[in-house]
Amino acid sequence: MNFELSPEQLALRERAVEAATPWRSQVDRWDREDTAPYRDVADAMADAKLCGLTMPAKYGGAELSVVDYMITVEALITTSQSWIVAEPTFGSTGPGPTIVLCAENEATREKFLPDIVNGRKACAIALTEPDYGSDLTALSTTATPDGDGYMINGSKRFITGSPENELYATFVRFGEAPGHRGIGAVIVEKGTPGLRLERGAHFSGTRGLPHGEVHFDNCVIPAENVIRGPGHFAQLMMAFNMERIHNATLSLALAEAAFAEAVRYTSNRNAYGKPIIEFQSAYHTLVDMRLAIDHHRLLTHHAAATAVDGRYPNAVDATFAKLSGCTMLPKVTHDAMVLCGGDGTTLDFPAQRLHRDAMAALVAGGSPPVLKNALAAQLFPEHNFRQ
């Protein structure tokens, strides 16, 4: 496998760095105020042509590879030190549009994909419910036939993009079929009567990025808003392999940012007549951090390179990469904070913010136990891991 970037990839990375650089000075304020100019960031990423990277040209996409996507997201987050700056790229390339690509009818794809892929509208994934977190097949949000369409009732929480996003790809239960057999997906548009979007909880990390609640009270949608009816759960879940690549890349980028902060601080701060970096405990820690980051980079690059048709990474490889990232990152950011000493725990230095963001990365898109459950089922199919 060749890890050298092509001239086109180097240019793509440089474009992402340029697009992210103006936002770096605002990230600490976003963190303090727990709010960010979500639409302004989205417009800037669309103007930089960093939306819809792996999507088909038919819908306005660039038809690039998942490795190209990884390169872009890493540059955006490492440069800005923020999840938020890469969110428009994720929203126009990740599981939202990938799920819409699974739509049974071309009319559904034509209705939604051009605006999503070009960054004009953002599509959130509404999956997690108040009473069911990782137990995805137990969801209770319903889609009931209503004339020529469907009536949606239920609630979702921890929905990245609510209340800002315009579209919500929502996992629902059709009829009485239990478990995964009754689950499908629909799109509910912002402004639909009965759709209530709330700000939701305030988190210790990823502050400024909306993670709200979505409530459906007799929301009626047209039939063309149905992505897939019941019986296609496995196909719909394939879209989340792209989310795991994103989360693995996000962990890589935040770890790189934390490493750079630690090197900068220990190189410029003196103790006992020499820079802190020259003390063995400091440079040994930095070497360990570098090793962990580079191990994770190899796993993530490999997982991205497995993608079929530029959009569907291998499930096992993507899950291993996500597991690697979310367990590596908190250790690296913790070490960075320690190397920055007392300053590292103050709000005046980035180390503590990066560590708080790492805690969010630990559970976003699947916590380590959930990921290990999925991997065990793939690695040992002869055994019954019911969860």
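## Second largest cavity

The second largest cavity encloses about 40 Å³ of space. The structure in question is a predicted model. Asp28, Asp31, Arg32, Leu347, Gln352 and Arg353 form the lining of this second largest cavity. Two elements, H2 and H12, each give two or more residues to that lining. H2 supplies the largest share, three residues.

Sorted by class, the lining of the second largest cavity consists of four charged residues, one polar residue and one nonpolar residue.

## Largest cavity

In total, the structure holds three cavities of 30 Å³ or more. The volume of the largest cavity is about 80 Å³. Its lining includes Val27, Trp30 and Asp31, and also Gln81, Ser82, Trp83 and Ile84. Thr206, Arg207, Arg353 and Asp357 are lining residues of the largest cavity as well.

Helix H2, which spans 27-33, and helix H12, which spans 350-363, are the elements that give two or more residues to the lining of the largest cavity. H2 gives the most, with three residues. By class, the lining of the largest cavity divides into four charged, four nonpolar and three polar residues.

## Residues listed for both cavities

Asp31 and Arg353 appear in the lining of the largest cavity and in the lining of the second largest cavity. H2 and H12 likewise give two or more residues to the lining of the largest cavity, and H2 and H12 do so for the second largest cavity.

## Histidine 355

Helix H12 also contains histidine 355. Is histidine 355 buried or exposed? Its relative accessibility is 15%, so histidine 355 counts as buried, the cut-off for buried being under 20% relative accessible area.

Leaving out residues up to four places away in sequence, histidine 355 touches Pro330, Thr333, His334 and Met337.

## Annotated domain

An unreviewed UniProt entry carries the annotation "domain: Acyl-CoA oxidase/dehydrogenase middle" for residues 124-219. In the model, the span 124-219 is 50% strand and 0% helix. The end C-alpha atoms of residues 124-219 lie 17 Å apart.

Two residues with numbers inside the annotated range 124-219, Thr206 and Arg207, belong to the lining of the largest cavity.

Notes
Residues are numbered from 1 along each chain as its sequence is written. This is a predicted model: local features need pLDDT of at least 70, side-chain atom pairs count only at pLDDT 80 or more; totals for chains, interfaces and linings use all residues. Side-chain values use heavy atoms; hydrogens and water are left out. On a 1 Å grid over the protein atoms alone, a cavity is a set of points where a 1.4 Å probe fits but cannot get out, and a pocket is an open set with protein on both sides within 12 Å along at least five of seven lines; lining residues have an atom within 4 Å of a point. Grid points are joined across faces, edges and corners, and a volume is the space filled by probe spheres set on the points. Helices (H or I, at least four residues) and strands (E, at least two) are DSSP runs, numbered from the N terminus. Ala, Val, Leu, Ile, Met, Phe, Trp, Tyr, Cys and Pro count as nonpolar, Asp, Glu, Lys and Arg as charged, and the others, Gly among them, as polar. UniProt positions are given in the numbering used here, feature names are shortened, and annotations may be inferred rather than shown by experiment. Buried means under 20% relative accessible area, exposed over 50%, partly exposed in between (1.4 Å probe, protein chains only). Contact means heavy atoms within 4.5 Å.
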